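The following exercises are to be worked with the sequence and the coordinates at hand. Each task is followed by a solution in steps.

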Amino acid sequence: VTEKKIVPCKITNYGLKRGKDENLIDGNILQTLIKWKAVLDKKGASEEDILAVMNETDLHKVIFVGVIGANPSTEMDFDDFIQQYHGDLSESITLYSELVKEMNKNAQTKNAFAQGLADSTKKEKKKQSRLKSTLNA
């Protein structure tokens, strides 16, 4: 009997970067996510429709990237994850779908750090603009 363990899971920029660094995902992940979203948006999509876009191992890799995203200090690697993750295909598809939906929802919400960077850039541009106006006068 294995003990059930709940692990937070969320797609983040850090998780995507580490997943790419560890060759779990490639640069086409965005294209795959777009294809995946199209399949998910299709009413009555079957497991066959889903697997036409991505295989089960790829699902697991993205789920693991979500584990990394929510747990950036984890020392678990993909092999460790696969040894511990025992979800069937249906559970993997559901979890992956939730990760993609959450990622889309988060993409529409302003990140405070990113917003701060954008705001500081705007202030810097205004300063540069005023400086140019002063120099041209």
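**Exercise 1.** Determine whether Gly-87 is buried or exposed, and place Gly-87 relative to the helices.

*Solution.* Step 1: Gly-87 has a relative accessible area of 19%. Buried means under 20% relative accessible area, exposed over 50%, and partly exposed in between, with a 1.4 Å probe and protein chains only. Gly-87 is therefore buried.
Step 2: Gly-87 belongs to the loop between H5 and H6. Helices (H or I, at least four residues) and strands (E, at least two) are DSSP runs, numbered from the N terminus.
Step 3: From C-alpha to C-alpha, Gly-87 and His-60 are 9.5 Å apart in space, with their positions 27 residues apart in sequence.

The model is predicted: local features need pLDDT of at least 70, side-chain atom pairs count only at pLDDT 80 or more, and totals for chains, interfaces and linings use all residues. Residues are numbered from 1 along each chain as its sequence is written, and side-chain values use heavy atoms, with hydrogens and water left out.

**Exercise 2.** Identify which residues Ser-92 is in contact with, leaving aside neighbours within four places in sequence.

*Solution.* Step 1: Ser-92 lies in helix H6 and is buried, because its relative accessible area is 0%.
Step 2: Contact means heavy atoms within 4.5 Å. With neighbours within four places set aside, Ser-92 is in contact with Leu-59, His-60, Ile-63, Tyr-85 and Gly-87.

**Exercise 3.** Describe the surroundings of Gly-15 and of Thr-74.

*Solution.* Step 1: Gly-15 sits in helix H1 (residues 13–21) and counts as buried at 0% relative accessibility.
Step 2: Not counting residues up to four places away in sequence, Gly-15 touches Val-65, Ile-68 and Gly-69. The C-alpha atoms of Gly-15 and Val-65 are 5.1 Å apart, although the two are 50 residues apart in sequence.
Step 3: Thr-74 is in the loop between helix H4 (56–70) and H5. Thr-74 is buried, since its relative accessible area is 19%.
Step 4: Under the exclusion of residues up to four places away in sequence, Thr-74 touches Arg-18 and Ile-68. The side chain of Thr-74 also reaches the backbone nitrogen of Met-76 at 3.2 Å.

**Exercise 4.** Classify the exposure of Asp-58.

*Solution.* Step 1: Asp-58 lies in helix H4. Its relative accessible area is 30%, so Asp-58 is partly exposed.
Step 2: The C-alpha atoms of Asp-58 and Leu-24 are separated by 8.1 Å, with the two 34 residues apart along the chain.

**Exercise 5.** Characterise the largest pocket and its lining.

*Solution.* Step 1: The largest pocket holds about 710 Å³ of space.
Step 2: Its lining has 17 residues, of which Lys-5, Val-7, Gln-84, Tyr-85 and His-86 are the closest to the centre.
Step 3: H4, H5 and helix H6 (89–107) are the elements that give two or more residues to this lining.
Step 4: The lining residues divide into nine nonpolar, four polar and four charged. Here Ala, Val, Leu, Ile, Met, Phe, Trp, Tyr, Cys and Pro count as nonpolar, Asp, Glu, Lys and Arg as charged, and the others, Gly among them, as polar. A pocket is an open set of points on a 1 Å grid over the protein atoms alone, where a 1.4 Å probe fits, with protein on both sides within 12 Å along at least five of seven lines; lining residues have an atom within 4 Å of a point. The volume is the space filled by probe spheres set on the points, which are joined across faces, edges and corners.

**Exercise 6.** State the overall composition and confidence of the model.

*Solution.* Step 1: The protein has seven helices and zero strands.
Step 2: The mean pLDDT (the predictor's confidence in each residue, from 0 to 100) is 78, and 74% of the residues score at least 70.

Terms used: Polar contact = N/O pair within 3.5 Å; in protein donor to acceptor, adjacent residues only side chain to side chain.
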